[in-house]
Amino acid sequence: MKLDDAAMHLEALGNPTRLKIYRALVRAGQAGLPVGRLQDKLKIAPSTLSHHVKTLVTAGLITQVREATTLTCHANYDMMQGLVDFLVAECCADATECKDTSTAA
């Protein structure tokens with residue numbers, strides 16, 4: 001993952017409402033949640049929910065599937081795993097306790 005992509009994903013999650021939406025979808029699991037149930041669960045106005053869902057879809061953090069008249073939202077676990085992996089990829093890379101100590105006196 002590129003730095004700019006990671007920043008975009010984190011920016012999308014940086015809004016409290018979008019973070020609530022994402023967390024609700026994670027709690028729902030693979031089945032996801034229909035938009036109407038998501039709206040009822042989080043007590044968000046339809047236009048506000050639509051705006052925030054669009055941002056999360058654009059960032060690739062959630063997907064939507066239409067089944068007849070129902071639009072269901074799903075958390076994109078692969079994208080989030082990629083973001084988490086990016087954030088921890090260089091964990092301890094500059095820490096002195098991780099470096100070779102064989103040259104120490």
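**Start at the hairpin**

Select strand 2 and strand 3 to begin: the two pair in the antiparallel sense over six bridges. What you have on screen is a predicted model, so take the tour in that spirit. In residue numbers, strand 2 covers 62–67 and strand 3 covers residues 70–75.

Now zoom in on the end of strand 2 and pick E67. Across from E67, in strand 3, stands T70. The hairpin made by these strands has two residues between them, and one residue to click on here is A68, in the loop between strand 2 and strand 3. If you display backbone angles, A68 has a phi near 60 degrees, which is a positive value in a residue other than glycine. Is A68 buried or exposed? With a relative accessibility of 71%, A68 counts as exposed, since the cut-off for that class is over 50%.

**Add the third strand**

Next, select residues 33–34, which make up strand 1. Strand 1 is joined to strand 3 by two bridges, and this pair also runs antiparallel. Seen together, the three strands form an open sheet in the order 1-3-2, with antiparallel pairing. Why do strand 1 and strand 2 each have a side without a neighbour in the sheet? Both stand at the edges, each with a single partner strand, so one side of each is left free of a neighbour there.

**Stop at T72**

Stay in strand 3 and select T72. Its bridge partner is P34. T72 is buried, at a relative accessible area of 5%, which falls in the buried class because that class takes in values under 20%. To see what surrounds T72, show its contacts, leaving out residues up to four places away in sequence: A31, G32, L33, P34, T63, Q64, V65 and E67. Among these contacts of T72 you will recognise P34, the bridge partner, and E67, the residue that stands opposite T70.

**Move to the helices**

Select residues 16–28 for helix 2, and pick L19 within it. L19 counts as partly exposed, at 36% relative accessibility. Now draw a distance from the C-alpha of L19 to the C-alpha of L56: the two residues are 37 apart along the chain, and these atoms are separated by 9.4 Å.

Go on to helix 4, residues 46–58, where you will find H51. H51 is partly exposed too, with a relative accessibility of 46%. Draw another C-alpha distance, this time from H51 to R18: it comes to 9.5 Å for two residues that are 33 apart along the chain.

**Follow the chain past helix 5**

Select helix 5 (77–88), then carry on into the segment after it and stop at C92. Like A68, C92 has a positive phi in a residue other than glycine; for C92 the value is near 70 degrees. C92 counts as partly exposed, with a relative accessibility of 40%.

**Zoom out**

Finish by showing the whole chain. How many helices and strands does the chain have? There are five helices and three strands, and from the N terminus on they run α-α-β-α-α-β-β-α. The chain is more spread out than a compact globule, because its radius of gyration is 18 Å, well over the 13 Å that the globule rule gives for 105 residues. Taken along the principal axes, the C-alpha atoms fill a box of roughly 70 × 25 × 20 Å.

Switch on a surface and colour it by element. The accessible surface comes to about 7,000 Å², and carbon and sulfur atoms hold 54% of it. Of the 105 residues in the chain, 30% are buried. T72 is one of the buried residues.

Two last views are worth a look. For contacts with a separation of 6 or more, 56% are between residues 24 or more positions apart. Finally, colour the charged side chains: there are 11 positive and 11 negative ones, and the centres of these two sets lie 16 Å apart.

Conventions:
Residues numbered from 1 in each chain as written. Predicted model: local features only at pLDDT ≥ 70, side-chain atom pairs only at ≥ 80, totals over all residues. Heavy atoms only, no water. Helix = DSSP H or I, 4+ residues; strand = E, 2+ residues; numbered from the N terminus. Rg over C-alpha atoms; globule rule 2.2 N^0.38 Å. Buried < 20%, exposed > 50% of the residue type's maximum accessible area, 1.4 Å probe, protein only. Contact = heavy atoms within 4.5 Å. Areas by Shrake-Rupley, 256 points an atom, 1.4 Å probe, with all protein chains shown as cover. Lys, Arg positive; Asp, Glu negative; His and termini not counted. Charge placed at Lys NZ, Arg CZ, Asp CG, Glu CD. Pairing = 2+ DSSP bridges.
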